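Visitor: Please take a close look at one part of this model, the site around the ligand. I would like the contacts, then the surroundings.

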Amino acid sequence: MSTEREHFSSRLGFILAAAGSAVGIGNLVGFPVNAAKNGGGAFLLMYALFVFLICLPVMIAEMAVGRKTEKEPVGAYKALSGGSKAWGAAGFLGVLTPFMIAVFYMVLTVWIFGYIALTLAGDLDYLASSNGFGEFINSPYLFVAMIAVAAIINFILVAGVKEGIERASKILMPTLFIMLFAMVIFVLTLDNAIAGVKFFIIPDITKLTPAVINGALSQAFFSLSLGMGILITYGSYIDSKTDIVGSAKLVALTDTAVAFTAGLMILPAVFSFNPNVNPAELSDSSVSLIFTFLPKIFLALQTSIGYIGASAVALFFFTLVFFAAITSLVSILEVPVSYLVTEKKHSRKKALSILMMTAGVLTVFATLSFGMVSFFTEFTFYAGGVRSFFDIIYDVFYDTILPLNGFLLCMFVSYRWKKHNLSDELAIGNKNYKGSWVEKYINFSLGTFIPVIVFGIFINTVAQKFFAYSIFGF
Ligand code: PHE
């Protein structure tokens with residue numbers, strides 16, 4: 001190796017960085033709505049089981065592959081397969097996927113930044129108005145916001161793993177935890193808050209349909225940042241003293257705890273706004289919840305705390321989501337950065353400028369997909385109807401390739417790299433690992449039912465999304 005690979009300075013630094021990646025818009029908005037609409041406590045329980053029984057082994061395997069090879073996905077797959085071209089291609093998918101998902105996530109982050117700016121400018125009433133969001137996503141000012149967000153990301157990433165990613169996570173994550181708790185406490189003091197908590201927690205098993213179960217697993221997979229090469233890359237920056245299994249458990253626990261806590265923030269707010277709300281109709285997507293529904297809730301607070309007070313609460317909330325989004329974006333962009341640095345031998349600075357240009361152009365296209373330019377808005381057509389450029393990135397990379405990457409990783413680790421090598425790697429930093437039931441569970445599950453399940457999700461999604469055909473009846 002030409003240069004010594006940079007490492008996180010401590011186990012805590014690594015855990016905060018990985019948790020920073022995992023905690024994102026999905027936790028703060030997607031999860032609470034999903035849980036409330038789809039069975040409350042029953043959903044929560046099922047979600048927790050998925051996190052620990054299905055996702056955690058995948059997370060551990062990704063980290064182990066990263067630490068063993070000290071490389072990002074392309075280099076890692078090549079190194080452990082003796083240079084196999086086919087596995088190299090799987091690794092390449094592991095770099096392309098985060099690159100494309102970063103584009104889609106960047107669009108959302110830029111919107112959040114725009115909401116922060118407009119709230120600061122005193123325009124909460126505009127954001128809460130019926131055509132506020134529709135106008136906002138077609139505003140040319142978005143490109144200014146995009147440059148600002150790109151500059152922040154660049155600022156963090158160019159400083160490297162320790163001084164950039166780790167430092168930012170050490171500041172932003174604790175701040176985020178405190179802000180989230182403060183928001184929960186505030187929201188719980190509102191009228192009817194308890195009705196929201198009840199709705200979130202009381203189980204309703206009848207809602208657990210196959211489609212909901214599938215959705216919960218996809219949500220858990222995405223939420224833990226799996227299948228995107230992120231944990232392989234972050235794993236390549238941990239030293240050999242670190243206990244991977246224990247660290248991964250903490251990351252999964254933090255991510256799930258934040259998602260759960262976010263439910264205690266979102267649902268009481270929704271119910272205090274309208275005690276008769278029927279959450280089944282709450283909102284179809286986290287996008288409409290965060291960008292159209294929540295601003296209305298914040299604005300309604302003006303009757304009790306005035307317009308400035310209401311704007312301050314909105315500002316607080318959007319800043320919280322922004323912090324979560326930034327640490328996720330940083331992690332996802334670090335994968336192609338690391339690829340360009342390790343495999344293509346560019347400097348970090350050069351790698352970042354290549355990425356900012358390429359991902360930047362695609363982000364502009366994706367931003368134009370909401371009506372600004374009809375070529376991108378009506379980009380193509382398949383089973384689901386007319387799809388925009390943004391939709392395609394979402395459908396292909398987030399919905400489809402993500403589980404495929406998960407499947408490939410399980411197969412790679414179990415049948416190419418081999419389980420005894422995984423065990424050897426995981427035993428470093430954890431003396432009790434060998435012979436433990438955790439080892440047995442990880443080795444068994446990664447080679448059997450986990451790949452079967454994620455492959456099933458992949459096939460079902462392809463059939464449904466692109467051919468409007470439902471294999472498993474949902
Ligand atoms: N885990 C993030 C979330 O829940 C998803 C994500 C991670 C997205 C990393 C992009 C990059 O929102």
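**The ligand site**

Guide: Start with Gly26: one of its backbone N or O atoms lies 2.8 Å from an oxygen atom of the ligand. The model is predicted, and every distance here is computed from it. Next comes Asn27. An N or O atom in the side chain of Asn27 is 2.9 Å from an oxygen atom of the ligand. Tyr105 makes a further approach through its side chain. There, a polar atom lies 2.8 Å from a ligand oxygen atom. Now the cover: on its own the ligand has 320 Å² of accessible area, and the protein covers 100% of this. The space that the ligand takes is the largest cavity.

Step back to the shell. It holds 14 residues around the ligand. Gly26, Asn27 and Tyr105 are among the closest, and so are Ala22 and Ser223. By type, the shell divides into 8 polar residues, 6 nonpolar and no charged. Four helices each supply at least two of the shell residues: α1 (11-22), α2 (25-37), α11 (210-223) and α15 (302-342).

With no charged residue in that shell, look to the rest of the model for charge pairs. Side chains of opposite charge can pair when their charged atoms come close. A search of the whole structure finds 11 salt bridges. One example joins the side chains of Glu163 and Arg167, at 3.0 Å from N to O. Both residues belong to helix α9 (residues 160-188); they are 4 residues apart, so about one helical turn separates them.

Definitions and conventions
Residues numbered from 1 in each chain as written. Predicted model: local features only at pLDDT ≥ 70, side-chain atom pairs only at ≥ 80, totals over all residues. Heavy atoms only, no water. Near = heavy atom within 4 Å. Polar contact = N/O pair within 3.5 Å; in protein donor to acceptor, adjacent residues only side chain to side chain. Areas by Shrake-Rupley, 256 points an atom, 1.4 Å probe, with all protein chains shown as cover. 1 Å grid on protein atoms, 1.4 Å probe; cavity = no way out; pocket = protein on both sides within 12 Å on 5 of 7 lines; lining within 4 Å. Sits in = over half its atoms within 2 Å of the grid points. Nonpolar A, V, L, I, M, F, W, Y, C, P; charged D, E, K, R; others polar. Salt bridge = Lys/Arg side-chain N within 4 Å of Asp/Glu carboxyl O.
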